[in-house]
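Biologist: I have a chain on screen and would like to go through it step by step. Please take my questions one at a time.

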Amino acid sequence: MNLVTRKPTRTRSPESWVIYQTVIRGEVVGTNSVCEQGEWEAMELARPGVNRLVQSGITNEGEAERLARGTSGDTKPRGGRVAAK
């Protein structure tokens with residue numbers, strides 16, 4: 001009888017991204033930052049309250065980056081001509 005031993009497969013949970021801000025003496029310093037949920041949890045364990053969570057549960061890194069950036073980097077609207085009446 002041949003028994004095949006299999007290594008247990010690690011199922012990776014779906015990634016989740018968070019947006020956070022660094023706060024020093026009650027003031028937000030710098031811009032919004034993005035990291036994976038697990039990284040956020042590790043930062044909070046290491047230094048609780050140093051960073052402020054803005055939004056969590058974002059399932060796409062690109063979306064998290066866009067949300068963190070806000071309107072910064074958006075294309076500026078071009079001035080159009082006003083039609084004469």
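Modeller: Accessible areas come from the Shrake-Rupley method with a 1.4 Å probe. Keep in mind that this is a predicted model.

Biologist: What share of the area that the chain exposes do carbon and sulfur atoms supply?

Modeller: The chain exposes about 7700 Å². Of this area, carbon and sulfur atoms supply 50%.

Biologist: What percentage of the residues in the chain is buried?

Modeller: A residue counts as buried when its relative accessible area is under 20%. The chain has 85 residues, and the buried part of them comes to 14%.

Biologist: In what order do the elements of the chain run from the N terminus on?

Modeller: The secondary structure consists of two helices and three strands. Read from the N terminus, the elements follow one another as β-β-α-β-α.

Biologist: Which strands stand at the edges of the sheet?

Modeller: The three strands form an open sheet with antiparallel pairing, in the order β2-β1-β3. A strand at the edge has a single partner, so one of its sides is left without a neighbour in the sheet. That applies to β2 (27-36) and β3 (51-58).

Biologist: By how many degrees are neighbouring strands of this sheet turned against each other on average?

Modeller: Direction is ignored for this value. The average turn between neighbouring strands of the sheet is 15°.

Biologist: Which residue in β3 stands opposite Thr22?

Modeller: Strand β1 covers residues 17-24 and runs antiparallel to β3, with five bridges joining the two. Opposite Thr22, in β3, stands Asn51.

Biologist: At about what angle does α2 run to β1?

Modeller: Helix α1 (residues 37-46) lies across β1, β2 and β3, at about 130° to β2. Helix α2 also lies across β1, β2 and β3. Its angle to β1 is about 35°.

Biologist: With which residue does Arg66 form a salt bridge?

Modeller: Side chains of opposite charge can pair when their charged atoms come close. A search of the whole structure finds one salt bridge. Its closest N and O atoms are 3.3 Å apart, and the partner of Arg66 is Glu63.

Biologist: By about how many helical turns are Arg66 and Glu63 separated?

Modeller: Both residues are in helix α2 (residues 61-69). Because they are three residues apart there, the separation is about one helical turn.

Biologist: What is the relative accessible area of Arg66?

Modeller: Partly exposed residues lie between the cut-offs of 20% and 50%. Glu63 counts as partly exposed at 32%. Arg66 is partly exposed too, and its value is 45%.

Methods:
Residues numbered from 1 in each chain as written. Predicted model: local features only at pLDDT ≥ 70, side-chain atom pairs only at ≥ 80, totals over all residues. Heavy atoms only, no water. Salt bridge = Lys/Arg side-chain N within 4 Å of Asp/Glu carboxyl O. Helix = DSSP H or I, 4+ residues; strand = E, 2+ residues; numbered from the N terminus. Buried < 20%, exposed > 50% of the residue type's maximum accessible area, 1.4 Å probe, protein only. Pairing = 2+ DSSP bridges. Axes fitted to C-alpha atoms, helices over the stretch in contact; angles between N-to-C directions. Contact = heavy atoms within 4.5 Å.
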